[in-house]
Amino acid sequence: MPTTFAKRLDAVAPSVTLAMSARANELRAKGVDVVAFGVGEPDFEPPSYVLEAAKAAVDKGASKYTAVTGIAPLKQAICAATKARKGWDITPDMVTVSVGAKHALFNLALALYEPGDEIVLPAPMWVSYPEQVRMMGATPIIVPTTEESGFRISADALAGAVNKKTKAVILCTPSNPTGSAYSKDALLGLCDVMRKNDAWLIVDEIYAELVYDGFKHVSAAELAPDLRDRLIIVDGVSKTYAMTGWRIGWSITPKALAKALDTVQGQSTTNPTAVAQWAALAALTGPQEDVERMRQAFEKRRNVMVAALNDVPGIKCRMPEGAFYAFADCRALIGMPWGEKKVTNDEDLAFFLLERASVATVPGGAFGAPGYLRLSYATSEERIKEGVSRIKKAIEEAKR
Ligand SMILES: Cc1ncc(COP(=O)(O)O)c(C=O)c1O
């Protein structure tokens with residue numbers, strides 16, 4: 001077999017989380033009850049009307065290719081939802097429906113990033129952003145933020161990171177992995193910086209409906225109408241409607257860019273799966289009570305998770321505004337004994353918790369935040385309590 005692969009892959013990091021989940025699966029196969037705090041997907045089922053609509057679509061013959069960038073009614077529904085939720089009155093020719101939000105971001109990377117380009121990424125950041133940038137031969141400019149600033153990039157830090165080579169800035173609000181979200185004022189400050197350059201502003205709003213304690217998600221689309229000619233919003237049904245496996249996400253972009261995305265997608269996946277598009281249409285246009293029910297459940301779980309984590313000696317966890325992740329500061333645990341060895345970093349700590357507590361987490365280094373762990377609370381309150389109490393016990397025993 002020829003053994004040379006494309007050079008573009010050389011710079012791309014293999015996922016540490018894959019090694020973690022492989023080990024978690026190995027343990028499960030041996031009958032170990034592993035508590036899954038690693039997964040980034042809701043444990044709920046999609047609303048029943050979504051499933052009914054998908055079945056009806058199968059019966060009505062949704063078995064053919066559709067328009068590359070999505071069926072007209074879905075694009076119309078995305079326009080209506082964007083107007084209602086983000087205050088941006090868009091037209092269908094600005095919408096590209098893709099095979100999940102990750103695919104929407106990948107299409108954008110293909111359409112926009114080139115060697116020599118810099119893409120500004122406030123960290124902690126979702127793992128796929130820098131890897132997609134590297135895959136295109138462009139350079140991720142990773143700007144660390146601190147827990148004290150709520151893991152939010154300041155206007156000054158953004159201004160310091162942007163220069164003539166900057167092709168795009170990617171923000172994620174609420175964020176994976178930290179759950180932090182930008183307030184109106186914080187976002188206004190960042191928009192001011194963007195006004196002084198001509199980079200694209202990509203805002204990943206996939207978790208926008210999952211905010212707590214009355215926090216109001218605001219979209220840059222609403223706050224800075226004058227930036228809409230280089231604003232890109234990424235969104236989808238995966239998280240809001242518990243539809244991760246249906247693989248429907250989209251981007252909202254200026255028309256010229258949407259046309260370029262049509263070309264990119266037209267030469268790769270063509271349309272996203274027809275049935276999944278009809279299901280996504282039902283999700284957006286059906287009754288939204290299930291979304292609120294799931295949001296309330298996540299809020300309760302967040303409270304349980306964060307309180308329990310803060311009760312573990314050596315762990316500190318900030319209360320996140322949204323998404324379904326707790327991002328716990330575990331720096332005090334680095335150096336802790338692990339039998340004959342020591343826990344030397346967050347990756348080690350995650351493996352320690354898997355081996356000693358049968359709890360799966362994701363090490364913060366993967367997101368650009370060494371010393372932290374990401375724990376998803378998209379699981380039941382009972383499992384959250386069980387998992388964190390196992391973590392506490394394993395740490396106490398190791399330190400004894
Ligand atoms: C921040 C962020 N953006 C995008 C995605 C991708 O979502 P999708 O399932 O629609 O591809 C995820 C999924 O984990 C995410 O966390």
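Visitor: In strand 8, which residue is the bridge partner of G236?
Guide: Bear in mind that this is a predicted model: local features need pLDDT of at least 70, side-chain atom pairs count only at pLDDT 80 or more, and totals for chains, interfaces and linings use all residues. Residues are numbered from 1 along each chain as its sequence is written. Helices (H or I, at least four residues) and strands (E, at least two) are DSSP runs, numbered from the N terminus. Within strand 8, G236 has as its bridge partner G249.

Visitor: How many bridges join strand 7 to strand 8?
Guide: Two strands pair if DSSP finds at least two bridges between them. Strand 7 (residues 231–236) runs antiparallel to strand 8, and the number of bridges joining them is four.

Visitor: And on strand 2, which residue has W250 as its bridge partner?
Guide: Strand 2 (residues 95–98) also pairs with strand 8, in the antiparallel sense, over four bridges. There, W250 is the bridge partner of V97.

Visitor: Which residue of strand 8 points the same way as W250?
Guide: In a regular strand the side chains alternate between the two faces of the sheet. Here G249 and S251 point one way from strand 8 (residues 249–252), and all four residues are buried (20 or more other C-beta atoms, placed from the backbone, within 10 Å of their own). Pointing the other way are W250 and I252, so the residue you're after is I252.

Visitor: Which residues touch the most other members of the largest nonpolar core?
Guide: A nonpolar core is a set of buried Ala, Val, Leu, Ile, Met, Phe, Trp, Tyr and Cys residues joined through C-beta atoms within 7 Å. The largest one here has 127 residues, and the members that touch the most others are V169 and A279. This core draws at least three residues from each of domain 1 and domain 2. Leaving aside neighbours within four places in sequence, V169 has contacts that include V120, L158 and M194; again, the two asked for are V169 and A279.

Visitor: Which helix gives the most to the side of domain 1 that touches domain 2?
Guide: An automatic or database assignment sets the bounds, dividing the chain into domain 1 (7–45 + 290–399) and domain 2 (64–285). Their contact (C-beta atoms, placed from the backbone, within 7 Å) takes 32 residues from domain 1 and 30 from domain 2. Helix 11 (289–310) and strand 10 (325–329) each give two or more residues to the domain 1 side. With six residues, the one giving the most is helix 11.

Definitions and conventions:
A residue is buried if 20 or more other C-beta atoms lie within 10 Å of its own, exposed if 12 or fewer, and partly exposed in between; C-beta atoms are placed from the backbone. Two residues are in contact if their C-beta atoms, placed from the backbone, lie within 7 Å.
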